[in-house]
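Visitor: I should like to learn how the features of a protein model are read. May we work through one case together?

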Amino acid sequence: MSIVVDPVATAGRHAAPADPRTAPDPRTDTDTPADARWLRRAVDLATANVADGGGPFGAVVVAEGVEVAVGQNRVTRDLDPTAHAEVQAIRAACRAAGTFALDGMTLYTSCEPCPMCLAACLWSRVDRVVFSADRHDAGRGGFDDSVFYELLARDRVTWDRTRVTALRLPESTHPFDAWLTHTARTAY
Ligand SMILES: [Zn+2]
């Protein structure tokens, strides 16, 4: 399983010459017209969501050219800081497909996934993630995507917010011991 994250240009300033070191994996080659069409769907969902009182983010999960599910940012409406468009779309796609793994599917999102959503994409096992606007566009809108990416690149002891500490207990590994001895476990 591999995830390919493709920014697709919707404005000329995003265009860049192909670099063989960063070119899309030929096994999951980008179908540009279809990608652009699905991305426009995500962007339209994002724009419409603003009028509905939500954040300016939308996402679509697609399998073999068919829309599986969509998601729109519901953070303020649902009082849920994790209700980002990508997470909403992944949850809806899993419900629609009756699975917890979205292998073979592509997630289109109106904006570059934040670190949480990118991790959600990894956990969901989607084949590809295609985004339009980037973390800098999000920053212009007042969103912390770029700030969080910079934070994650730093040693956690230097963080000035949400301090993260480890406290090793004698029973720290008990949950994993229980998991490994539970023969009927569902691996994921
Ligand atoms: Zn996010």
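Visitor: Are H3 and H4 roughly parallel or roughly antiparallel to each other?

Guide: Please bear in mind that this is a predicted model. In general, two packed helices are described by the angle between their axes and the distance between the axes. Here the axes of H3 and H4 cross at roughly 20° and come within 9 Å. Angles under 35 degrees count as roughly parallel, and H3 and H4 are therefore roughly parallel to each other. In addition, the crossing in which H3 passes H4 is left-handed.

Visitor: Which residues of H3 meet which residues of H4?

Guide: From H3, the residues are Glu-86, Val-87 and Ile-90. They meet Cys-117, Ala-120, Cys-121 and Ser-124 of H4.

Visitor: What are the elements of the chain, and in which order do they run?

Guide: The chain holds seven helices and five strands. Read from the N terminus, the order is β-α-β-β-α-α-β-α-β-α-α-α. Of the 188 residues in the chain, 30% are buried. Among contacts with a separation of 6 or more, 49% join residues 24 or more positions apart.

Visitor: How does one read the sheet, and what is the order of its strands?

Guide: As a general idea, strands of a sheet pair through backbone hydrogen bonds, either parallel or antiparallel. In this structure, five strands form an open sheet in the order E1-E5-E4-E2-E3, and the pairing is mixed. E1 and E3 are the edge strands, each of which pairs on one side only. On average, and with direction ignored, neighbouring strands of this sheet are turned by 20° against each other.

Visitor: Which strands pair with E5 in the parallel sense?

Guide: Strand E1, residues 4–7, pairs with E5 in the parallel sense over four bridges. In this pairing, Pro-7 stands opposite Phe-131 of E5. Strand E4, residues 105–111, also runs parallel to E5 and is joined to it by five bridges. There, Tyr-108 has Val-130 in E5 as its bridge partner. The connection from E4 to E5 passes through helix H4, residues 115–124, and this β-α-β crossover is right-handed.

Visitor: How many residues of strand E5 are buried?

Guide: A residue is buried if 20 or more other C-beta atoms lie within 10 Å of its own. In strand E5, residues 128–133, six of the six residues are buried, so this strand is largely enclosed by the rest of the structure.

Visitor: Where does E2 pair in the antiparallel sense?

Guide: E2 pairs with strand E3, residues 66–72, in the antiparallel sense over six bridges. Within that pairing, Ala-59 has Gly-71 as its bridge partner in E3, while Val-61 is partnered by Ala-69. The two strands form a hairpin with two residues between them, and Glu-64 in the turn has a positive phi of about 50°. E2 also runs antiparallel to E4, with five bridges joining the two. In E4, Thr-109 is the bridge partner of Ala-59, and Leu-107 stands opposite Val-61.

Visitor: How many residues of E2 and of E3 are buried?

Guide: In strand E2, residues 58–63, five of the six residues are buried, so the strand is largely enclosed by the rest of the structure. E3 is mostly covered, with five of its seven residues buried.

Visitor: Which strands does helix H3 lie across?

Guide: Helix H3, residues 85–97, lies across E2, E3 and E4 and runs at about 140° to E3.

Visitor: Is Ala-85 buried or exposed?

Guide: Ala-85 belongs to helix H3. Within 10 Å there are 30 other C-beta atoms, so Ala-85 is buried.

Visitor: Which residues are in contact with Ala-85, leaving aside its neighbours within four places in sequence?

Guide: With those neighbours left aside, Ala-85 is in contact with Ala-46, Phe-57, Gly-58, Ala-59, Gly-71, Gln-72, Asn-73 and Thr-109. Three of these names have already appeared in the sheet: Ala-59 has Gly-71 as its bridge partner in E3 and Thr-109 as its bridge partner in E4. A further separation may be read between C-alpha atoms: those of Ala-85 and Ala-42 are separated by 9.3 Å, with the two residues 43 residues apart along the chain.

Technical notes:
Residues are numbered from 1 along each chain as its sequence is written. This is a predicted model: local features need pLDDT of at least 70, side-chain atom pairs count only at pLDDT 80 or more; totals for chains, interfaces and linings use all residues. A residue is buried if 20 or more other C-beta atoms lie within 10 Å of its own, exposed if 12 or fewer, and partly exposed in between; C-beta atoms are placed from the backbone. Two residues are in contact if their C-beta atoms, placed from the backbone, lie within 7 Å. Two strands pair if DSSP finds at least two bridges between them. A crossover is right-handed if, with the strands pointing away from the viewer, the path from the first strand over the helix to the second runs clockwise. Axes are lines fitted to C-alpha atoms, for helices over the stretch in contact, and angles run from 0 to 180 degrees between N-to-C directions. Angles under 35 degrees count as roughly parallel, over 145 as roughly antiparallel, 65 to 115 as roughly perpendicular and the rest as oblique. A crossing is left-handed if the near helix is turned anticlockwise from the far one by less than a right angle, and right-handed if clockwise.
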